[in-house]
Protein chains: 2
Amino acid sequence: MSSLADHIEAYIKRMLRSSQTNSVELSRAQMADDFSCVPSQINYVLSTRFTLERGYIVESRRGGGGYIRIGHVQVDDSYAHAANLLKSIGSELDEKQMEDILAYLKDHHVITPRQLQLIRGIVQQEVGSIGQGKNVLRASLVRALLFLIIESES
Amino acid sequence: MSSLADHIEAYIKRMLRSSQTNSVELSRAQMADDFSCVPSQINYVLSTRFTLERGYIVESRRGGGGYIRIGHVQVDDSYAHAANLLKSIGSELDEKQMEDILAYLKDHHVITPRQLQLIRGIVQQEVGSIGQGKNVLRASLVRALLFLIIESES
DNA sequence: AGACTTAAGGTCAGTATTAGTCAAAGAAAG
DNA sequence: CTTTCTTTGACTAATACTGACCTTAAGTCT
């Protein structure tokens, strides 16, 4: 119970808390050196603990002056359960399931009626223009669009 | 964000912003001297960051009195133009094309840096979890997310 | 006008500097 | 003992930087 990965996770979260901007930039090689581990260990920590779903945005660049930047967004409580709902969307989503989710979010004032309409229109447009895998695309789109709305407003 | 190329990029963009005409003229050798680097470094920055896809026009002349002129395309109605840009996204979109579009929209203040980060993160997440048809999904997602942003703010 | 000189900028391939991926081995938990 | 989580390292990929060599334009001198 407190693996190296946990320590690295805690360290990054400490850095995030003490930053004004809710984001930190670090060097993978430097980090690996500090914790005496291989660089890919850092990727492991990032991919298991700093996911979008948990409110983290990880960006990186290779090459000279490369970096890994981690941003954090606090989702307030009213949106927390909405974010949870998103998690429950699987790899496929049919029309009825989508309507249920949108209706629920509208009723709970997470999205506005206009946003509901917009999402419906956009999804219809995109899904209509492909032959196969409509339900897979719909799942991705709904998750993406709702996530953008939720994250934008918190 | 600390490579030399980044600094040169930022410097040029500052110059562009403070110019009335949306274009600046500079001397390659002088620039290289100011930044203590080889002249071809300037070409590197220009060819990686000031491309036509991102809305920049670079002209130059060799020989005595040679120069490099960089212009930034300005459109009267940037939202209409953005909508147009979206329409131009075909059924597939690779990473580079996406980055060009996002950089263009950010530079023209259609999306905020934070929205850029979010879009990048969301697309990465969604595209990463499928095997085939990444470019097709990316096209749909980018179109959908940008459309939502543009429609929400107009 | 033509040849030579000087003053730019362009190209490209090679080197350096990061970070990412993936699968296999090892450790911990159930 | 099986499953899941962690750790490792060999290979890969992206980005930045440099320098040698090339091209073009303008001036200068017969």
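A residue is near a molecule or strand if one of its heavy atoms lies within 4 Å of it. The model is predicted, so local features need pLDDT of at least 70 and side-chain atom pairs count only at pLDDT 80 or more, while totals for chains, interfaces and linings use all residues. Residues are numbered from 1 along each chain as its sequence is written, chains are lettered from A in the order in which they are written, and side-chain values use heavy atoms, with hydrogens and water left out.

**Exercise 1.** Find which residues come nearest to DNA strand C, and describe the surface around that strand.

Solution.
- Step 1: 28 residues lie around DNA strand C, and the nearest are A:Arg28, A:Asn43, A:Gly63, B:Asn43 and B:Ser60.
- Step 2: Sort the residues by class, where Ala, Val, Leu, Ile, Met, Phe, Trp, Tyr, Cys and Pro count as nonpolar, Asp, Glu, Lys and Arg as charged, and the others, Gly among them, as polar. The surface near DNA strand C then has 15 polar, 7 nonpolar and 6 charged residues.
- Step 3: Turn to the strand itself. Sugar or phosphate accounts for 59% of the atoms of DNA strand C within 4 Å of the protein, and bases for the rest.

**Exercise 2.** Locate polar contacts (pairs of N or O atoms within 3.5 Å) made with DNA strand C.

Solution.
- Step 1: For a phosphate oxygen, look at A:Ala29, which has a backbone N or O atom 3.0 Å away.
- Step 2: For a sugar or linking oxygen, look at B:Arg62, with a polar side-chain atom at 3.0 Å.
- Step 3: For a base nitrogen, look at B:Gly63, whose backbone N or O atom is 3.1 Å from it.

**Exercise 3.** Repeat the analysis for DNA strand D and state which residues are closest.

Solution.
- Step 1: DNA strand D is surrounded by 26 residues, the closest being A:Gln41, A:Tyr44, B:Ser40, B:Gln41 and B:Tyr44.
- Step 2: By class, these 26 residues comprise 10 nonpolar, 10 polar and 6 charged.
- Step 3: On the strand side, 61% of the atoms of DNA strand D within 4 Å of the protein belong to sugar or phosphate.
- Step 4: Phosphate oxygens of DNA strand D lie 3.1 Å from a side-chain N or O atom of A:Arg61 and 2.9 Å from a polar backbone atom of B:Ala5.
- Step 5: B:Gly63 places a backbone N or O atom 3.3 Å from a base oxygen of DNA strand D.

Conventions: A polar contact is a pair of N or O atoms within 3.5 Å; within protein, one must be able to donate a hydrogen and the other to accept it, and residues adjacent in sequence count only if both atoms are side-chain atoms.
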